[in-house]
Amino acid sequence: MNATAPHDPGPLRRMCWIFPDRESTRMTATWRHFFWDLYAEVAGELGLTWCRHAPDAVTVDATDPAHPRVYVDEEPVTPQDTLFITALYSLPYQSMDVFNQYALYAVLEQAGFYLPFPPQISLIGNDKLATVLHLADSPVPPIPSVRIGTGRDIAKHRYEVALGGLTYPAIVKPAGWCGGGGINLARGPEDVRGLASLAQGGDTTLVAQPYLGDGTVDYRVYVVDGEPYAVLRRVPEPGSPVANASRGGSMDFPPVPPELAEATAYFAEKLAIPFFCVDFLYDGERYWFSELEPDGVIAPDFDDPGRTLQRDITRARFTAYRDAHAKWLANRPLSTTPRSEAR
């Protein structure tokens with residue numbers, strides 16, 4: 001992995017993350033230390049400004065629909081100088097923002113902005129079963145999955161019509177959360193009933209999958225410009241069915257396993273976006289395709305005070321965004337250029 005030297009980013013000046021403004025003061029400090037501050041530093045090294053805003057910070061004047069004007073906290077932005085990161089975030093305290101997020105992503109796309117992952121990709125990556133169906137012919141087989149909607153009729157157990165092929169123990173988890181939140185082990189159908197009744201309290205859609213066994217290892221492949229750039233290996237602590245760091249798992253950065261490197265070409269062709277992460281599970285004998293993460297966390301290598309690897313992957317990611325924006329801008333038909341950009 002080679003660091004990319006900074007150079008003139010061209011017309012692009014700003015990368016703006018659209019992120020629900022729902023974090024507690026404690027978690028805001030955690031995430032700033034974990035990655036937000038580093039993102040801003042690396043962007044600055046590339047001559048770019050990095051910012052993070054809630055959906056309501058974006059205002060659009062479409063009184064002339066052919067030439068919309070877009071503002072971020074009252075500052076005008078254009079497709080030439082700004083790209084937006086538009087991943088859906090749907091943890092339970094963000095659920096009220098999901099529609100606003102997705103609707104805004106569609107508005108920005110229609111207003112002519114370059115989105116490193118457009119709304120459709122964000123939606124596919126957010127729902128775990130949509131991911132499996134979109135990438136069903138993956139060379140690394142997806143984990144067999146059942147999607148369970150919850151609501152006021154959950155006590156009727158009508159979802160059980162789809163559980164006949166599920167083996168136990170099984171993993172039951174929210175269809176659209178992240179970070180290992182809400183993942184539970186069900187020993188049988190009665191456990192699934194109990195978890196579904198709890199999920200009913202927040203209208204949380206669930207996914208059920210066969211448990212691959214104790215010690216199952218999670219591999220996150222960071223894909224940049226269609227190539228496997230690095231891999232994060234996460235190992236669960238003894239007795240835990242989840243390898244995420246938030247659940248006590250340990251992390252390291254080994255070489256990319258050849259089977260996963262080879263599979264990357266398939267995912268790059270299906271997604272055709274400058275950066276994404278693919279999560280795989282290894283049960284000791286074979287790999288399974290687990291999840292797609294368009295805005296997957298680039299975890300820090302805390303054993304290195306300079307966090308060199310995290311910076312390197314982040315720099316490669318942002319460089320890929322910058323280069324893709326420049327290519328998109330060069331290939332965009334002149335008729336789509338808003339009049340305000342030419343002034």
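## Asp 323 and its partner

In this predicted model, Asp 323 is partly exposed, because its relative accessible area of 38% falls between the limits of 20% and 50% that separate buried from exposed residues. The side chain of Asp 323 takes part in a salt bridge with Arg 322, and the closest N and O atoms of the two are 3.5 Å apart. Arg 322, in contrast to its partner, is buried, since its relative accessible area is 2%, which is under the 20% limit.

## Salt bridges between strands

How many salt bridges does a search of the whole structure find? The search finds 17 of them, and a few can be followed here in detail.

One of these joins the side chains of Arg 234 and Asp 218, with a distance of 2.8 Å from N to O. This pair links distant parts of the chain, for Arg 234 belongs to strand β12, which covers residues 227–235, while Asp 218 belongs to strand β11, which covers residues 217–224, and the two residues are 16 residues apart. Are Arg 234 and Asp 218 buried or exposed? Both of them are buried.

A salt bridge also forms where the side chains of Arg 220 and Glu 293 meet, at 3.7 Å from N to O. Arg 220 lies in strand β11 and Glu 293 in strand β15, made of residues 287–293, so this contact ties together parts of the chain that are 73 residues apart in sequence. Arg 220 is buried, with a relative accessible area of 6%, and Glu 293 also counts as buried, because its relative accessibility of 17% is under the 20% limit. These residues can be viewed together as well: Asp 218, Arg 220, Arg 234, Asp 279 and Glu 293 are linked in a network of salt bridges.

## A negative patch on the surface

Charged residues can also be followed on the surface, where Asp 21, Asp 56, Asp 73 and Glu 74 form a negative patch. One of its members, Asp 73, lies in the loop between strand β4, residues 69–72, and strand β5, residues 75–77. Asp 73 counts as partly exposed, because its relative accessibility of 49% is between 20% and 50%.

## The chain as a whole

The chain has seven helices and 15 strands. Its radius of gyration is 21 Å, close to the 20 Å that the globule rule gives for 343 residues, so the chain is as compact as a globular protein of that length. Taken along the principal axes, the C-alpha atoms fill a box of roughly 65 × 45 × 40 Å, and buried residues make up 51% of the 343 residues.

Two pairs of residues give a sense of distances within this box. Gly 182 is placed in the loop between strand β8, residues 170–174, and strand β9, residues 184–186, and with a relative accessible area of 31% Gly 182 is partly exposed. The C-alpha atoms of Gly 182 and Asp 61 are separated by 40 Å, and these two residues are 121 residues apart along the chain. Thr 319, for its part, is placed in helix α7 and is buried, with a relative accessible area of 7%. Thr 319 and Thr 131 are 188 residues apart in sequence, and in space they are 26 Å apart from C-alpha to C-alpha.

## Details of the backbone

Why are some backbone angles worth a second look? Most residues other than glycine have a negative phi, and most peptide bonds are trans, so departures from this pattern stand out.

Between which residues is there a cis peptide bond? Tyr 168 and Pro 169 are joined by a cis peptide bond, with omega at about 0°. Pro 169 lies in the loop between strand β7, residues 146–148, and strand β8. His 157 is also found in the loop between β7 and β8, and its phi is near 55°, a positive value in a residue other than glycine. With a relative accessible area of 23%, His 157 is partly exposed.

Arg 307 has a positive phi as well, of about 50°, although Arg 307 is not a glycine. This residue is placed in the loop between strand β15 and helix α7, which covers residues 308–331. Arg 307 counts as buried, because its relative accessibility of 13% is under the 20% limit.

Key:
Residues numbered from 1 in each chain as written. Predicted model: local features only at pLDDT ≥ 70, side-chain atom pairs only at ≥ 80, totals over all residues. Heavy atoms only, no water. Patch = residues over 30% accessible without salt bridge, like charges linked within 9 Å, V, L, I, M, F, W, Y side chains within 5 Å. Areas by Shrake-Rupley, 256 points an atom, 1.4 Å probe, with all protein chains shown as cover. Salt bridge = Lys/Arg side-chain N within 4 Å of Asp/Glu carboxyl O. Lys, Arg positive; Asp, Glu negative; His and termini not counted. Charge placed at Lys NZ, Arg CZ, Asp CG, Glu CD. Helix = DSSP H or I, 4+ residues; strand = E, 2+ residues; numbered from the N terminus. Buried < 20%, exposed > 50% of the residue type's maximum accessible area, 1.4 Å probe, protein only. Rg over C-alpha atoms; globule rule 2.2 N^0.38 Å.
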